Amino acid sequence: MKITRISIHQVDLPLKEGSYSWSTQSFAAFDSTVVIIETDEGITGVGESCPLGPSYLAAYAEGLRTGIAKIAPDLLGQDPTALDKINHRMDQLLKGHPYVKSAVDMACWDILGKATGRPVHALLGGKFQDRVKLFKVISRDDPAVMVERLGEYQALGFDQFQMKVGEDPDRDITRFQKVAAAMAPGEVMDADANTGWRQHDAVRIVDAVKGLAAEHQIPIYIEQPCLTYEECLAVRQHCSLPMILDECMDSLAVLLRGYQDRAMDLINLKINRMGGLTRARQVRDLCQSLGIVMTIEDSWGGEIATAAIAHLAQSTPKDFHFQSSAFHDYHTVAIAEGGPIVEQGTMRSNDQPGLGVTPIMDVLGDPVAVIG
Ligand code: MG
């Protein structure tokens, strides 16, 4: 099988709640990129990559599309089902920029699934979970608004919440106190600072909130308190709450360093930060060998990226999977049919071959670039 054409689409994903805010950032919509890969056997694959704005990671939407257009001519004629060869070729063509390669890799997995008649989760090792646990993000806002939102999400059946903090330290402590008090015993709070705290503030905050876990009988996790690995490690050494590392976990090397340093209890594995499903699977499998539990998601995306999340998470044993996110559930527009089914705080893929999604071309519109 050979790649004959690569089309790049741009699409905006507006947020149902009007905005999505974390640390010091806030957006009304996210700019996503969809790649459609055609082959000489008539099988078409679709992939998606969506940076969370231009300053969440070293990734931005326009760069993503430029990067794909840069490598695409050299991918024509390649076999999309030879995933390792495709990734090797992309690394030869472009150093770094994993978020660029992720959309292409994802589309190739979709093609492999359709060519073999199997859902991607079957190709990633087999389905361990019929449905995977979701968390709902409580966007950073006034503490009272966050408590209100918590109630709405509890009513939808969610019991794990990622509370966005990472702004003013004292307001953040209030957010912990108010939201924890409104949670039911046994519900899970993952407080994600998204690198927003300075080390001294983070040490003070984790000390101030640690008693809330016992007081309200809720597990409280601290996620990526500061920007650098070293700062997070220092906070970890002062923190009795379990620690999740996310933004700084961007390579196998840093994962192994974190394992050796006991810098974290869990990691947040994001597909496009690793360069796609092929590389995310490597990290997923290594984490299991090392005993590290994972949140499995992507930086953002619509139905297509979320389907990839569902397939990767469903092919991960439950005891190594902490939570995932159903990003398409946050938007006012759908970009594909067949996105994961969300029910009672869980999601599942539709078990169709490949990723199981069909792009809605009226929503995607004309491609911004066609190669081939
Ligand atoms: Mg995070």
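User: What makes the lining of the second largest pocket five nonpolar, six polar and six charged residues?

Analyst: The split follows from residue type, because Ala, Val, Leu, Ile, Met, Phe, Trp, Tyr, Cys and Pro count as nonpolar, Asp, Glu, Lys and Arg as charged, and the others, Gly among them, as polar. On that basis the lining has five nonpolar, six polar and six charged residues. Among the 17 lining residues, Pro 98, Asp 250, Arg 273, Met 274 and Arg 279 are the closest to the centre of this pocket. The model is predicted: local features need pLDDT of at least 70 and side-chain atom pairs count only at pLDDT 80 or more, while totals for chains, interfaces and linings use all residues. Residues are numbered from 1 along each chain as its sequence is written, and side-chain values use heavy atoms, with hydrogens and water left out.

User: Why is this space called a pocket?

Analyst: On a 1 Å grid over the protein atoms alone, a cavity is a set of points where a 1.4 Å probe fits but cannot get out, whereas a pocket is an open set with protein on both sides within 12 Å along at least five of seven lines; lining residues have an atom within 4 Å of a point. The second largest pocket holds about 250 Å³ of space, where a volume is the space filled by probe spheres set on the points, and grid points are joined across faces, edges and corners.

User: Which helices each supply at least two residues of its lining?

Analyst: They are helix 2 (83-93), helix 3 (98-116), helix 11 (271-274) and helix 12 (277-290). Helix 12 gives the largest share, three residues. Helices here are DSSP runs (H or I, at least four residues), numbered from the N terminus.

User: How do you know that Arg 279 and Asp 91 form a salt bridge?

Analyst: A salt bridge requires a side-chain nitrogen of Lys or Arg within 4 Å of a carboxyl oxygen of Asp or Glu. The N to O distance between the side chains of Arg 279 and Asp 91 is 3.0 Å, so the pair meets the definition.

User: What is known of the two domains and the contact between them?

Analyst: The chain is divided into domain 1 (3-117 + 359-371) and domain 2 (122-355), with bounds from an automatic or database domain assignment. In contact (heavy atoms within 4.5 Å) are 47 residues of domain 1 and 49 residues of domain 2. Three salt bridges are counted between the domains. Each domain also gives at least three residues to the lining of the second largest pocket.
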